[in-house]
Structures are given as C-alpha cells and as structure tokens.
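Let's go looking for empty space in a protein. Have a look at the sequence and the model below, and then we'll walk through its pockets.

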Amino acid sequence: MFGLTKPMPIGKLFGIKLTISWSFLVLVAVFALFSAFQGPSFLLGLIGGVIVLGLLFASVVIHELGHSLVAQRLGIRIAEIELHFFGGAAKMIDLPKTPRDQLIVAAAGPAVSFMVAGISGLLLLVGNPLGIVSTLLWANVMLGAFNLIPALPTDGGRILRAALTPHYGPLDATRMAVKVARVATIAIGLGALVVPGF
C-alpha cells in the first residue's frame, strides 16, 4: 500500500521508471471538474479537460525524457521520472561530472519541447482534430520557454550556472545564478501585476 507521500509507479519508458505523485491525481480531479462545468455539457467538458491535461503532462514526460536520455548517454543514472502537481522531474542518481555535461543535460529538455512544438506546427498543416495538435503545439512552446527562464531550479537557471562554473567555480556560479533567479522572479511578478495578460 502506497502512502500519500510516496509516488505511485505506473510503468517504464526506455527503461526509466515513471511515477505519479498523489498531488498529480488531485490536480487531475480538480482540472477535470472545472472543465466539466465550463463545457457545453458536463460530460463533454469533463472529457475535454482530461484530454487537455493528458496532452500537457505527456508534454512534461517528453520534456523530462529529453533530460533523462541525454543524461544516460553521458553515463548518468536516472532513478525515475516523477509527475507531480507542478509538472515533473527527472531524478538523477549521479550528478553530471563536468559543467559541460550539466549544460547539455539541462538544455536537452527545452530542446525536445521545441522539437515537439515544431512537429506539431507541421501537423497543423494537415489538420487539428478536437484542437489536439494546437494544444500540443502551445503546451510545448510554453514548457520550453518557461524552462529557459534563468531562475533556479528551472533548466535556464541550471544552464546559466553551468556556463558560469568554468569561470567562477561551482560555489560562486551557484550564488550568481541564485541572484539572477531573484531578479527574474521579481521581474515576472511585476510583469504579472503591470502588463495585462502577462
């Protein structure tokens, strides 16, 4: 029996264990119910909400697989990919050995997200059944762009830290990345307050 704090395994992808936290199931339930009451009918809204959420988290899994598969090619072992309330995370057993490896692993996720977005854009030329293709396109654009924000622990923050490490050392590079993260967080917060629809 799994406790409420322990992720639930649901299978493997490319030999990597995939788990779901209970917070993710709560998110599914809340989002599905919200969509059900917003749709033309309860059932259609419910189905639409589940489809959208499924596409969003499929995009997260693909993003985390980008990190994981590249990490494995560099000799870094992956414990699991966990889906949770705030998205997902590839949990590494080993740390990247060099700043270059850190940068490559961090950049792999956004690169894969933008690649999926590009493929979705091409598929839009063929069709967009139930809005699935356009949802997949924008989900991956937003996922890739958000993760490039230079604010730890996002991929952009890790890329920045890895780029600074050869010049300043790991400790000072981390401190500098944290300072940039604070500025980025404040800028995003101000943008949300000042710019409509930010």
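Before we sort residues into classes, here is the key: Ala, Val, Leu, Ile, Met, Phe, Trp, Tyr, Cys and Pro count as nonpolar, Asp, Glu, Lys and Arg as charged, and the others, Gly among them, as polar. Keep in mind that this is a predicted model.

Start with the largest pocket, which holds about 960 Å³ of space. Which residues lie nearest its centre? They are H63, E64, G88, F146 and N147, and they belong to a lining of 30 residues. Sorted by class, that lining has 17 nonpolar, 9 polar and 4 charged residues.

Several elements chip in here. Helix 2 (42–73), strand 4 (87–92), helix 3 (99–123), helix 4 (132–147) and helix 5 (155–194) each bring at least two residues to the lining of the largest pocket. Helix 2 gives the most, with 7 residues.

Now for the second largest pocket, with a volume of about 160 Å³. Its lining is made up of G48, I51, V52, L55, L130, G131, I132 and T135. Helix 2 and helix 4 each supply at least two of these lining residues, and the largest share, 4 residues, comes from helix 2. What about charge? There are no charged residues in the lining of the second largest pocket.

Here are the two pockets side by side:

| Pocket | Volume | Lining by class |
|---|---|---|
| Largest pocket | about 960 Å³ | 17 nonpolar, 9 polar, 4 charged residues |
| Second largest pocket | about 160 Å³ | 5 nonpolar, 3 polar, no charged residues |

Terms used. Residues numbered from 1 in each chain as written. Predicted model: local features only at pLDDT ≥ 70, side-chain atom pairs only at ≥ 80, totals over all residues. Heavy atoms only, no water. 1 Å grid on protein atoms, 1.4 Å probe; cavity = no way out; pocket = protein on both sides within 12 Å on 5 of 7 lines; lining within 4 Å. Points joined across faces, edges and corners; volume = space filled by probe spheres on them.
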